[in-house]
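Biologist: Please give me a close look at one part of this model, the pairing between charged side chains. Once that is clear, carry on into whatever else helps to place it.

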Amino acid sequence: MARMHTRRRGSSDSDKPAADEPPEWSDVDADAVEDRVVELAEQGHSPSEIGVILRDEGVQGTPVPDVSLVTDKKVTEILDEHDAEPEIPEDLYNLLERAVRLHDHMDENQTDYQNKRALQNTESKIRRLINYYRGDEIDEDFSYSPDLARELL
């Protein structure tokens with residue numbers, strides 16, 4: 001798949017090994033994993049950070065290589081069941097953070113045309129994601145503005 005804002009083709013990524021069940025060395029209870037996921041979410045971690053923490057630290061000292069293999073649910077599904085999901089989807093939140101950083105940079109460096117274009121591309125991606133999430137994840141009347149992004153963060 002091609003990249004959105006360049007003429008180059010996309011880079012190929014490595015694939016995760018195909019597995020239907022968790023490895024033998026990771027014999028963690030599914031309920032314990034769900035409890036740990038909710039606990040980490042309440043501490044303010046994003047779903048991707050939760051996955052990394054569970055991979056590195058694990059539950060009760062045992063690493064969890066893949067939450068979905070243990071629980072048959074994704075991290076976001078677990079958070080949705082326990083009403084602990086973030087108010088803004090993670091990908092949109094990351095783009096909003098980037099836009100705020102770029103706005104701050106552009107206030108100090110008005111003639112930085114390369115980052116001006118990067119800001120335009122980022123705001124374009126934000127508007128696309130808002131249209132995608134509108135109604136399900138975010139309100140129908142939600143619209144992007146730099147001031148609103150600064151307030152949300």
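Modeller: Let's start with Glu81: its relative accessible area is 48%, so with the exposed class beginning over 50%, it counts as partly exposed. Keep in mind that this is a predicted model. Glu81 has a salt bridge to Lys73, with 3.0 Å between the closest N and O atoms. Through shared partners, salt bridges join Glu81, Lys73 and Glu34 into one network.

Now the other arm of that network. Lys73 and Glu34 meet through their side chains in a salt bridge, at 2.9 Å from N to O. Glu34 belongs to helix α1 (residues 30-42), while Lys73 sits in the loop between α3 (67-71) and α4 (75-81), so this pair ties together parts that are 39 residues apart in sequence. Is Glu34 buried or exposed? Its relative accessible area is 11%, and the cut-off for buried is under 20%, so Glu34 is buried. As a general point, side chains of opposite charge can pair when their charged atoms come close.

How many salt bridges does the structure hold? The count is six. Another of them pairs the side chains of Arg36 and Glu57, at 3.5 Å from N to O. This pair links distant parts of the chain, with Arg36 in helix α1 and Glu57, 21 residues apart from it, in the loop between α2 (47-56) and α3. Arg36 has 18% relative accessibility, so it still makes the under 20% cut and counts as buried.

From charged pairs, over to the open space. The largest pocket has a volume of about 410 Å³. Which helix gives the largest share of its lining? That is α4, with five residues, and α2 and α4 each supply at least two. The lining has 15 residues, and Pro47, Val75, Thr76, Glu77 and Glu137 lie nearest the centre of the pocket. By class, that lining splits into six nonpolar, three polar and six charged residues.

The second largest pocket comes in at about 280 Å³. It is lined by 15 residues, with Gly44, His45, Ser46, Pro86 and Tyr93 closest to its centre. Here α2 and α5 are the elements that give two or more residues to the lining. Its classes run to eight nonpolar, three polar and four charged.

Finally, the nonpolar side of the picture. In soluble globular proteins, nonpolar side chains tend to be buried together. Here, the largest nonpolar core has 18 residues, and Leu92, Leu96, Ile126, Ile130 and Tyr144 have the most contacts inside it. Two or more residues each come from α5 (90-108) and α6 (113-133), and α5 gives the largest share, seven residues. Another core lies apart from this one, with 17 residues that include Val28, Val33, Ile50 and Val59.

Ile130 is a handy residue to zoom in on. It sits in helix α6 and is buried, at a relative accessible area of 2%. Setting aside neighbours within four places in sequence, Ile130 is in contact with Leu92, Ile138, Phe142 and Tyr144. Ile130 and Leu92 are 38 residues apart along the chain, yet their C-alpha atoms are separated by 7.7 Å. Seen from the other end, and with the sequence neighbours again left out, Leu92 is in contact with Ile126, Leu129 and Ile130.

How values were computed: Residues numbered from 1 in each chain as written. Predicted model: local features only at pLDDT ≥ 70, side-chain atom pairs only at ≥ 80, totals over all residues. Heavy atoms only, no water. Core = buried A, V, L, I, M, F, W, Y, C linked by side-chain atoms within 4.5 Å. Buried < 20%, exposed > 50% of the residue type's maximum accessible area, 1.4 Å probe, protein only. Helix = DSSP H or I, 4+ residues; strand = E, 2+ residues; numbered from the N terminus. Contact = heavy atoms within 4.5 Å. Salt bridge = Lys/Arg side-chain N within 4 Å of Asp/Glu carboxyl O. 1 Å grid on protein atoms, 1.4 Å probe; cavity = no way out; pocket = protein on both sides within 12 Å on 5 of 7 lines; lining within 4 Å. Points joined across faces, edges and corners; volume = space filled by probe spheres on them. Nonpolar A, V, L, I, M, F, W, Y, C, P; charged D, E, K, R; others polar.
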